[in-house]
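This report considers charged side-chain contacts and strand pairing in a single protein chain. The sequence and the model are shown below.

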Amino acid sequence: MRTKFIQLVIISLVVVACSKDKFTTKPQVEVRSVSPNPVLSGNLITIKAHFTDDEGDLDSVLVIYKWYNGNTVTKADTLGRYGESILQLPKKIREADIFLRYSYNNFNSNTIALSAVPKDTTATFGLILIDKKKNRSDYSESEKISIKKP
């Protein structure tokens, strides 16, 4: 009887230890979609993601893009590090969907401009969230989309 009790306690501790808390000090982000696909000149590219952060103290978002030739990355760079104001979220929010919008080959004053690509390409967009204490989320990347040369 005592052995079964000890086994039950051990199993309970393992289950509790392995369960992930939805909210952590380090921000969590998951890119859920990017659209449209394909992207044509003048389109707005929308990156949709979901985040959680226990303290609700997001400071900035780092946006990374990768251009591909088949499965090989031919170019990877940062589109920018933007202050939390670009996310248009209330202060101290701990969880929300976020949307980033880029205008492709169209300099719309309400969006971030993405210059035209020199040839048709495939791309992904990734996000890293940074909070006020400089904690960084893990990198989360979108699925591949096609970007057409104008």
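The following paragraphs treat the salt bridges and then the strand β3 with its pairing partners.

**Salt bridges**

The model is a predicted one. It contains 8 salt bridges. Side chains of opposite charge can pair when their charged atoms come close. Three of the pairs are listed here, including the N to O separation of each.

| Pair | N to O distance |
|---|---|
| K26 and D138 | 2.9 Å |
| R32 and E30 | 3.6 Å |
| K66 and E141 | 3.1 Å |

The contact between K26 and D138 joins two loops. K26 belongs to the loop between α1 (2-18) and β1 (28-35), and D138 to the loop between β7 (121-131) and β8 (140-141); the pair therefore ties together parts that are 112 residues apart in sequence. Both partners are partly exposed: K26 has a relative accessible area of 33%, and D138 has one of 47%.

The bridge between R32 and E30 belongs to a network of salt bridges in which E30, R32 and D97 are linked. R32 is partly exposed, at a relative accessible area of 43%, and E30 is likewise partly exposed, with a value of 43%.

K66 and E141 meet through their side chains in a further salt bridge. This pair links distant parts of the chain, with K66 in strand β3 (residues 58-69) and E141 in strand β8, 75 residues apart. K66 counts as partly exposed at 21% relative accessibility; the cut-off for a buried residue is under 20%. E141 is also partly exposed, at 29% relative accessibility.

**Strand β3 and its partners**

How many of the 12 residues of β3 are buried? The count is 9 of the 12, so the strand is largely enclosed by the rest of the structure. K66, which lies in this strand, is partly exposed.

β3 pairs with two strands described here. With β7 the pairing is antiparallel and extends over 10 bridges; within it, Y65 has F125 of β7 as its bridge partner. With strand β4 (residues 72-83) the pairing is again antiparallel, over 10 bridges, and Y68 is matched there with V73 of β4. In a regular strand the side chains alternate between the two faces of the sheet.

β3 and β4 also form a hairpin, with 2 residues between the strands. In the turn, G70 has a positive phi of about 70°.

How values were computed: Residues numbered from 1 in each chain as written. Predicted model: local features only at pLDDT ≥ 70, side-chain atom pairs only at ≥ 80, totals over all residues. Heavy atoms only, no water. Salt bridge = Lys/Arg side-chain N within 4 Å of Asp/Glu carboxyl O. Helix = DSSP H or I, 4+ residues; strand = E, 2+ residues; numbered from the N terminus. Buried < 20%, exposed > 50% of the residue type's maximum accessible area, 1.4 Å probe, protein only. Pairing = 2+ DSSP bridges.
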